[in-house]
Amino acid sequence: MLKRHRFKQSATLEERLDMEAIRLREEAKALPQDVRREDLLRKARQCETGAHVSEWLRSPGLRPPR
């Protein structure tokens, strides 16, 4: 049986997604207007959207009643 390598993340999912979006935007700045740049910007927007959705899902307004 294979053993999974588990490790604890030092940053939250939202922080990691935000850092990835920043990295992708910086990388896209160095490229000329082409398909590769648009792909990087699209991925950056997806990371930002994912971070917002994750924050929204963790909001106290969405918790089940006790």
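Student: How many helices and how many strands are there in the chain?

Tutor: Helices (H or I, at least four residues) and strands (E, at least two) are DSSP runs numbered from the N terminus, and in this predicted model the chain has 2 helices and 0 strands. Residues are numbered from 1 along each chain as its sequence is written, and local features need pLDDT of at least 70.

Student: What does the radius of gyration say about how spread out the chain is?

Tutor: The radius of gyration is taken over C-alpha atoms, and the globule rule is 2.2 Å times the number of residues to the power 0.38. For 66 residues that rule gives 11 Å, whereas the chain has 16 Å, well over the rule, so the chain is more spread out than a compact globule. Along the principal axes, its C-alpha atoms fill a box of roughly 55 × 40 × 20 Å.

Student: What span does helix α2 reach from its first C-alpha to its last?

Tutor: The expected span of a helix is 1.5 Å times one less than its number of residues. Helix α2 (residues 35–57), with 23 residues, reaches 33 Å, close to the 33 Å expected.

Student: Which residues of α2 are buried, and what covers them?

Tutor: Buried means under 20% relative accessible area, with exposed over 50% and partly exposed in between (1.4 Å probe, protein chains only). In α2 the buried residues are L40, L41, A44, C47, A51 and S54, and their cover includes α1 (13–29), where contact means heavy atoms within 4.5 Å. Across the chain, buried residues make up 18% of the 66 residues.

Terms used. Predicted model: local features only at pLDDT ≥ 70, side-chain atom pairs only at ≥ 80, totals over all residues. Heavy atoms only, no water.
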